[in-house]
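Subject: Structure handover

Dear colleague,

Here is the structure we talked about handing over. Please open it alongside this message; my notes follow below.

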Amino acid sequence: MATPPPTPTTPVPTAPLRLADVDLADVSFWALPRARRLESFALLRTLDAPVRFGAADGRRGRRTGGFHALVRHADVQEASRDPRRFASAPGVTTPEPAGWVKAVFGDSMVNLDDPKHAALRKVVARAFTPRLLAAAEDNVRAVADRIVDEVLRDRPTDFVAAVASRMPFQIICDLMGIPERHRIEIAQRIDEASARAGVARRRLRVPGRGLHALAHLHVVMAKLARERRRAPADDLISALVTADVDGRALSSRQLGAFFSLLLVAGVETTRNAIAHGLVLLTDHPGQCALLESDFERYADGAVDEIVRHSTPIIQFRRTVVAECELGGRTFRPGEKVVLFYASANRDEAVFDSPDAFDITRSPNPHLGYGGGGPHYCLGSHLARQEMKALFGALLSRTEGLRATGPAELVDSNFDNRVRALPFAFAERP
């Protein structure tokens, strides 16, 4: 079958754009239409050096806030792979966690550098045994089939609630060994916490309901950790709390922090990629038809292109720890840089027709799972499996699967979150 030409997804805004119109530190920027934001990144990529946004100089000429925006693929990748110059501590989110938050919840792996990060990652990596991963792969296919069974039976109208959010949530809960009695509460807490994570509105950036939700999750995980220490099972919680790597296992607080990370890295990002995937396949029927014509041939490329095009995590931050040069600018210790994956994944220097959705794109060196280095996503393989299994089950058992309206997006400077997405389908005869 001939490959249909990819078509641009994002129309180019007609109003001229000037650098003075772009302020990535202004919360109102993240409420602009996505096309305008992507045009802003395209403008920044043409400049000679990373631009600084945010607070002005403080006393004695020292920076008291703000950040430099890394928007080119090469710069984001280099900073990601060099933690000796660009550190994750004290925090990768904007704004960074308050001191009391760390005291209550503990350090997340994403906010750590070596040797602490390496020691914790070693414990986690050892817990993902071949047997556990093989069981997870079998479970992915079973969960995908079960979700489609229920979709065909119940005829839901919101793709996010019925499909996109359920797949990664079930997989993570099954992998961790979360009992069914806790899952409804956990799902509610995830919505409370993640709906506010990174939302670009000042009134939602203060400690509040989202942190209370995470606190409840930590309580649940601490209880389960105690149960598994007494009676280990064949699940990830047991492996983490009983691991013996250089005499180390995860404490209850570390387990809570790791589970919170899994909810973002393993649930929210995959949920959003799946939702954006349906939008992209709807908007590009030629690409959808190509995928359906030979699913096994094109599925892996489709999954990677969905992740590149949607970029579920927009940005992470790093702190400069040693004077260095990158992208035409010299950085000094203490300065902040923000790695904009959403821009790097549209870099014209790396991707031909970067605004086009093309499931045959090869190579596709997107940074949707990070730019490499010690913080590259541990669950990238599992996320790809989930998306492939779910779209395979959906496309093989339904026809006319499509989004029937625009996705309801959350204004955020952190993640490309879809709150709701209407959809329709028919059962294959």
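Setting aside neighbours within four places in sequence, His182 is in contact with Val220 and Leu224. This comes from a predicted model, as does everything else in this message. His182 belongs to helix α8, which covers residues 180–194. With a relative accessible area of 9%, His182 is buried, because the cut-off for that class is under 20%.

A second set of buried residues is in helix α2, residues 73–80. They are His73, Asp75, Val76, Ala79 and Ser80. What do the buried residues of α2 pack against? Their partners include three strands from different parts of the numbering, β2 (67–70), β5 (324–326) and β7 (336–340). Strand β3 (86–87) and helix α14 (341–344) are also packed against.

On the surface, a patch of positive charge is formed by Lys223, Arg226, Arg229 and Arg230. Of these, Arg230 is found in helix α9, residues 209–230. Is Arg230 buried or exposed? Its relative accessibility is 64%, and the exposed class begins over 50%, so Arg230 counts as exposed.

Next, the backbone. Most peptide bonds are trans, and most residues other than glycine have a negative phi. The following places depart from that pattern.

Two cis peptide bonds, both leading into a proline:
- Ala89 to Pro90 is cis, with omega near 5°. Pro90 sits in the loop between β3 and α3 (99–105).
- Asp114 to Pro115 is also cis, and omega is about 10°. Pro115 sits in the loop between α3 and α4 (116–127).

Two residues other than glycine with a positive phi:
- Thr311 has a phi of about 45°. Its place is the loop between α13 (295–310) and β4 (315–320).
- Ser353 has a phi near 45°. Its place is the loop between α14 and α15 (380–397).

Which of the two classes, buried or exposed, does each of these residues fall into? Thr311 is buried, because its relative accessible area is 1%. Ser353 is exposed, because its relative accessible area is 52%. Thus a positive phi turns up here in one buried loop residue, Thr311, and in one exposed loop residue, Ser353.

Regards

Note on methods: Residues are numbered from 1 along each chain as its sequence is written. This is a predicted model: local features need pLDDT of at least 70, side-chain atom pairs count only at pLDDT 80 or more; totals for chains, interfaces and linings use all residues. Side-chain values use heavy atoms; hydrogens and water are left out. Patches are made of residues with over 30% relative accessible area and no salt bridge: like charges are joined within 9 Å, nonpolar side chains (Val, Leu, Ile, Met, Phe, Trp, Tyr) within 5 Å. Accessible areas come from the Shrake-Rupley method with a 1.4 Å probe; for residues, only the protein chains shown count as cover. A salt bridge is a side-chain nitrogen of Lys or Arg within 4 Å of a carboxyl oxygen of Asp or Glu. Lys and Arg count as positive and Asp and Glu as negative; His and the chain ends are not counted. The place of a charge is taken as NZ of Lys, CZ of Arg, CG of Asp or CD of Glu. Helices (H or I, at least four residues) and strands (E, at least two) are DSSP runs, numbered from the N terminus. Buried means under 20% relative accessible area, exposed over 50%, partly exposed in between (1.4 Å probe, protein chains only). Contact means heavy atoms within 4.5 Å.
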